[in-house]
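Open the model in your viewer and keep the selection box at hand. Each stop below tells you what to select and what you will find there.

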Amino acid sequence: MDLTCLSKGDGFHYPPCHMLNLSGFRILIDCPLDLLAITIFSPVPCDVGFEAYGQNDQNPIQKKQKLERQMTPDDLVSAEPWYKTVKTLHLWEVSLIDIVLISNPMGLLGLPFLTQHPRFCAKIYMTEATAKIGQLMMEDLVSMHMEFRRLHGPEDSSFPWWTKNLDGEEVPSVLKNLVFGENGDDLGSWMRLYSLDDVKSCMKKVQDVKFSEEVCYNGTLIIKALSSGLDIGACNWLITGPSGSLSYVSDSIFVSHHSKNFDFHGLKGTDVMIYSGFSCLQSAEMTDSDCISTISENNDERLTASLLDNEESLGELEKLAFVCLCAAESADAGGSTLITITRVGIVLQLLELMSNSIESSSLKVPIFVISSVAEELLAYANTIPEWLCEKRQEKLISGEPSFGHLKFIKDKKIHLFPAIHSPNLIKSWQEPCIVFAPHWSLRLGPSVQLLQRWRGDPKSLLVLEDGISSGLGLLPFRPIAMKILQCSFLSGIRLQKLPTLLSVLQPKIVLVPDVVNQRINLSTMKTKSILNYSENRTLSVASVTTGIARLKGDLVMENGKQRLVSGLDQEESSGKARPLRHWGSVAPETLLDALVKMSIITGSVEHRAGENGGEDKSIIYITNPSGGMIETSEMGTTIITDDKTVASKIFQAIDGLLDGL
């Protein structure tokens, strides 16, 4: 097995990217965009605050840069934005990538750049929720970019001509590093943004999966997505093949108040574990004694309980409540609030908390959500209970919506608009107000115009998410009199919990980033080996189990495992082995008849039309002897049930209807 870390990423909005070579297959894990890099561009209009920018408006970052001149808005690139992909990904041959695994919606944003390549032929896997939310995010990004083109004017150059103006000695180092990278090799990663047609074409190539659903690739690898708790639909990956099992653990959250919790139990005892949670570096330092005391704890239940304590989740709720309090105080003083946070789970919770807070107070402040995909995204959030935490699922079962924003939208206390120039928005507009608007980079979308409108009002509030530099991000809008609240939300596993997690999972070999191993001593962990990997270097890992023997028989590959059938076993299995490959499509009506003959009672049959050119699906719900469902389409058939006996009977029924070999 070979692992190459193409990028360590930079927090929630720019997840890590890896290339994995496993059992002869090349697997790309996540394909994000570095959207923080577009802060080098000047927003529209490009002259916001330029003439008023003075020498007295230095921010903390600029005060440290005394050796170079102060950066001004004139240093920003006044051109149509280009977008920065993973810097070394374009150096890999696209046709040699066999599988693409997408862990969360942010890891999907750069994928159309790959799929539009004529030689791309990889199989793409991601959860259904990640596919839907990620597609909406890409469509919104394209919409905001097209709005920029309408205001700024299109550019047809196939080369980023503006880079020539950023190569001089007088150019601030911050801009140089963002454009060219620390080693000057990032120029090839800048791309013109894809189109809506590219997005639709990309999503047609996706095979979406459910949590814990097993999919088989090429009869060799069994791939399973397990919830990471980071956001709705976000997952970790478990891959089982002939050489053993491998788990890929990305940034995860143990207890979430909106998405399904981190399912770490399904990752126990793997041969190899790849840990890619770079967000843990944002947490406090950890001493060796902390690590040793954790490992000495042998009670698995107590270790698990320590991972699932709700201290972190309660801390997140306190942050959200504080944002609501600050917004209410601004409104009470006559100021408006602009919230540029775009993390789906955070936005859903903030909308719910703010609406409840306003309803219980004497304030009458409208809440506006301005986005081209706001209506569809908020409606979708209340139709996906299987991707949400137990509390949200219970609300839906009891007849309530999973998220409270639905009620407030019906009561017209939350107003949804596709664009800032929508005629209905102009009619409904009143201040003070609370506005949720993209983009968090402050370079695209409605946030640019609204920030220009309120930047001189000391009673108004700007809510930013941690990650964007307030120095570079706010540079075009200075001087700014607004109050600024920069929030840092949990984006992964705390460094202090990593030893405990490894003690619970007990993988044989652990691969961790070298920068993580520099912050914490993992040498005392009860694993066979702990290996460090670094960015843009390939790490080779030998097989965990190696043996040599002389045997005679038939080598059978089934469900990702190799089995040698010899002697009596070979005779017994002769003529009885079930087909490893099936073809054809399953007609729901025919399958219903076959299930009845096996004493399986079915409920309703639901037919779903494909969206945006996607495939049509039929869903058969099983009611007895246990619950479950069968999803059929032209691409395949999925069996979902907790009862292994029922699953086996359903498979036998399907096996009897299809041809196989």
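Start with α3, residues 128-152. In this predicted model, α3 gives the most to the lining of the largest cavity, with five residues. Now add α9, β15 and α10 (374-381) to the selection; like α3, each supplies at least two residues of that lining. How many residues line the largest cavity? There are 27. To find the centre, pick Asp140, Thr342, Ser371, Leu377 and Pro438, which lie nearest to it. The volume of this cavity is about 410 Å³. The count of cavities of 30 Å³ or more comes to six.

**Stop 2: Phe368**

Stay with β15, residues 367-370, and select Phe368 within it. Is Phe368 buried or exposed? Its relative accessibility is 0%, so it counts as buried. Show what it touches beyond four places away in sequence. The set is His415, Phe417, Leu425, Ser428, Trp429, Gln430, Cys433, Ile434, Val435 and Phe436. Draw a distance from the C-alpha of Phe368 to that of Phe417: it should read 7.5 Å. Along the chain, these two are 49 residues apart.

**Stop 3: helix α14**

Select residues 446-454 for helix α14. Its buried residues are Pro446, Ser447, Val448, Leu450, Leu451 and Trp454. Now show what covers them. The cover includes β15, from the previous stop, along with β14, β17 and β18.

**Stop 4: strand β18 and its partners**

Go to β18, residues 461-465. Five of its five residues are buried, so the rest of the structure largely encloses it. In a regular strand, side chains alternate between the two faces of the sheet. Turn on the side chains here. Leu461, Val463 and Glu465 point one way, while Leu462 and Leu464 point the other way. Both groups are buried.

Next, add β14, residues 337-339. β14 and β18 pair in the parallel sense, over three bridges. Look for Leu338, which stands opposite Leu462. Then add β19, residues 483-487. Which way do β18 and β19 run? They run parallel, joined by five bridges. One pair to click is Val463 and Leu485, its bridge partner in β19.

**Stop 5: helix α8**

Select residues 311-332 to bring up helix α8. It has 22 residues. From its first C-alpha to its last it reaches 31 Å, close to the 32 Å expected at 1.5 Å a residue.

Colour the buried residues: Glu312, Ser313, Glu316, Leu320, Val323, Cys324, Cys326, Ala327, Ser330 and Ala331. Then look down the axis of α8. These buried residues fall within an arc of 160 degrees, so they line one face of the helix. An α-helix has 3.6 residues a turn, so residues three or four places apart point the same way. On the other side of α8, Glu311, Glu318 and Asp332 are exposed.

What covers the buried residues of α8? The cover includes β14, β18 and β19, which you have just visited, plus α9 (344-359) and β17 (434-436).

**Stop 6: the loop after α8**

Follow the chain out of α8. Ala333 sits in the loop between α8 and β14. Its relative accessible area is 45%, so it is partly exposed. Set a distance between the C-alpha atoms of Ala333 and Ser460. They are separated by 8.5 Å, though 127 residues apart along the chain. Select Gly334 too; just after α8, this residue takes a positive phi of about 95 degrees.

**Stop 7: strand β20**

Select residues 509-513 for β20, where five of five residues are buried. Ile509, Leu511 and Pro513 point one way, and Val510 and Val512 the other.

Add β13, residues 272-275, which runs parallel to β20 and is joined to it by three bridges. Ile274 stands opposite Leu511. Then add β21, residues 529-533. This strand also runs parallel to β20, with five bridges between them. In β21, find Tyr533, the bridge partner of Pro513.

**Last stop: the whole protein**

Clear the selection and zoom out. The protein comes to 20 helices and 30 strands. Of its 661 residues, 52% count as buried. Among contacts between residues at least 6 apart in sequence, 70% join residues at least 24 apart.

Conventions
Residues numbered from 1 in each chain as written. Predicted model: local features only at pLDDT ≥ 70, side-chain atom pairs only at ≥ 80, totals over all residues. Heavy atoms only, no water. Helix = DSSP H or I, 4+ residues; strand = E, 2+ residues; numbered from the N terminus. Expected span 1.5 Å × (residues − 1). Buried < 20%, exposed > 50% of the residue type's maximum accessible area, 1.4 Å probe, protein only. Arc of directions from axis to C-beta. Contact = heavy atoms within 4.5 Å. Pairing = 2+ DSSP bridges. 1 Å grid on protein atoms, 1.4 Å probe; cavity = no way out; pocket = protein on both sides within 12 Å on 5 of 7 lines; lining within 4 Å. Points joined across faces, edges and corners; volume = space filled by probe spheres on them.
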